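Trainee: Could we go over the ligand site together, and could you tell me what stands behind each term?

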Amino acid sequence: MAGVKIAVPNKGRLSDGAARLLEKIGLRVSESDERRLIAEVGKGRYQLLFVNAKDIPEYVELGVADVGITGRDLIEEQGKAVKPLLELNFGECRLTVAVSESSGFRRLDDVPEGATVATSFPNLTRRYFAQRGKRVEVVAVSGATEITPHIGVADLITDLVDTGSTLRVNRLRPLEVILESRAIFIANPKSLAEKPLEIGELTSALESVVSAEQKRYLMANVPKAVLDQLPALLPGISGPTIMPIMGRDDLVAIHAVTSEDALNGVITVLKSIGATGILVVPIERMVI
Ligand code: AMP
């Protein structure tokens, strides 16, 4: 079987999340591998290429790598012909328009025609302002965009924002969001056609981990008398399994999968109907 070449961010914001995800599907990257540029994993079925996240859309488009993990923002900015296969659970950020707190601009409409915008995302930024019908001059910078409004380079910036703390520290005010981004698993279309089984297997494995990360396995002992209330009381829960408890005619054990978001509410409801011995455990993989 031909091996699958996987481009993985070698450092930066996406590298830990990518390594953790690959480890969860059994592709463990050892510390010595991390310092190398190429590693064979999965008994030689996969080759990991450790490269810069920014170069991954291009490497996958060229077929240097069959598949890769990178940010949606980078794919959209570079407009590369790659096939998105799966959204991942990390690397969340927003490409945001921001202004200096002292500028007085509160909305995009306040920004005058011909304003200068500094960004390391010139293509997305140009497209966005064109769609909004606002003529701006885009200045492409390769980093430290936040400083540009304070040193007379630009009136506005567009930059990636996660919590917003970097904007605050740099006395910048967010105005609008251009793009929501997170890490994404992509493929070269030709590789996908040539290695459908291998890439399909990899995608399913990643999908099972991504689905499981948002879910929890919940167990509890519930009075039999309130059992019929469970479906109405716990809308987030999918089909609880009901099991007898030895020596207890009044109680049953329930096992169910619930979403992480709904978990606190579900526990509150379970307690309110007399559930005891509530246990919550993580799920490693979920294949639906
Ligand atoms: P790197 O330059 O290697 O650290 O990777 C940058 C990529 O990480 C971006 O293109 C985004 O996809 C992702 N990312 C997630 N959160 C942020 C953030 N707050 N700032 C910059 N990049 C972020």
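Mentor: Gladly; here is a talk about the ligand and its pocket. This is a predicted model, where local features need pLDDT of at least 70, side-chain atom pairs count only at pLDDT 80 or more, and totals for linings use all residues. Residues are numbered from 1 along each chain, and side-chain values use heavy atoms, without hydrogens and water.

Trainee: What makes the pair between Asp-73 and the ligand a polar contact?

Mentor: A polar contact is a pair of N or O atoms within 3.5 Å. A side-chain N or O atom of Asp-73 is 2.5 Å from a ligand oxygen atom, so the pair qualifies. A polar backbone atom of Arg-13 lies 2.9 Å from an oxygen atom of the ligand, and for a polar side-chain atom of Lys-54 the distance to a ligand oxygen is 3.5 Å.

Trainee: How much of the ligand does the protein bury?

Mentor: The protein buries 83% of the 490 Å² that the ligand exposes when taken alone, by the Shrake-Rupley method with a 1.4 Å probe.

Trainee: Which residues around the ligand come nearest?

Mentor: Of 13 residues (each with a heavy atom within 4 Å), the nearest are Gly-12, Arg-13, Asp-73, Cys-93 and Asp-162.

Trainee: Why are six residues of that shell called charged?

Mentor: Because Asp, Glu, Lys and Arg count as charged. The shell's other residues are four nonpolar and three polar, and Gly counts as polar.

Trainee: Which element gives the largest share of the lining of the largest pocket?

Mentor: That is α4, with four residues.

Definitions and conventions. A polar contact is a pair of N or O atoms within 3.5 Å; within protein, one must be able to donate a hydrogen and the other to accept it, and residues adjacent in sequence count only if both atoms are side-chain atoms. Helices (H or I, at least four residues) and strands (E, at least two) are DSSP runs, numbered from the N terminus.
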